[in-house]
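Here are some short exercises to work through with the model open beside you. Try each task before you read its solution.

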Amino acid sequence: MRRYLAVGLDCYLCLVTSGLIVRPYADSAAVPQAVGLLIGPVLVLSFLNQVVLTAVVGAGAGKLIMGIRVVSLPDAGRPGPGQLVRRWLYGLCWLPLQPWYGLRTRPVGTAGAGGPGPRTACEEGLASTDPAGLRQVRRSDLAAHRRAVAGRAV
């Protein structure tokens, strides 16, 4: 749940900041032009948050607020810039298509009475792996892991 809240915070912060940047110019523009004006700052701020900020401090703004860090597998180290750019591009392609995947894979009325129904293959794969070899972990769990590894090395 923390991951989803972090993604929501990232999207919200990106859109609000972009809206504030574009607002003086959007008043005089037509709707298609205003949307075009908004796309540029959204992409730039998203890149800065997901790639640059994560490379510098280990997480984007939403993840920092939610106490999550992004680590590289298998060593739980800091991710490289190539991994972060791949992950950002994947997120730009994957996130907007989620409503479509949800409609395609879960016909209405197929969930059983006992629960929300089985997870789709898409959800199962994304829950366990990241195409860039990265993992999101709680900050406290990462600190405990590093203490355990340091204790084992002594």
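**Exercise 1.** Write down the order of elements in the protein chain, from the N terminus on.

*Solution.* The order is α-α-α-β-α-α-α-β-α. That gives seven helices and two strands, where helices (H or I, at least four residues) and strands (E, at least two) are DSSP runs, numbered from the N terminus.

Before going on, note that this is a predicted model, in which local features need pLDDT of at least 70, side-chain atom pairs count only at pLDDT 80 or more, and totals for chains, interfaces and linings use all residues. Residues are numbered from 1 along each chain as its sequence is written, and side-chain values use heavy atoms, without hydrogens and water.

**Exercise 2.** Find strand β1 and decide: is it largely enclosed or not?

*Solution.* Start with residues 68–72: five of the five are buried (under 20% relative accessible area, 1.4 Å probe, protein chains only), so β1 is largely enclosed by the rest of the structure. Next, sort the directions: I68, V70 and S72 point one way, R69 and V71 the other way. Finally, look across to strand β2 (residues 134–138), which pairs with β1 in the antiparallel sense over five bridges; pairing requires at least two DSSP bridges. One of the partners is R135, bridged to V71.

**Exercise 3.** Which residues form the largest nonpolar core?

*Solution.* The six are V51, V70, L84, W88, A132 and L134. Such a core joins buried Ala, Val, Leu, Ile, Met, Phe, Trp, Tyr and Cys residues through side-chain atoms within 4.5 Å. Now take L84: leaving aside neighbours within four places in sequence, L84 is in contact (heavy atoms within 4.5 Å) with Q50, V51, T54, A55, P79 and L134.

Conventions:
Buried means under 20% relative accessible area, exposed over 50%, partly exposed in between (1.4 Å probe, protein chains only).
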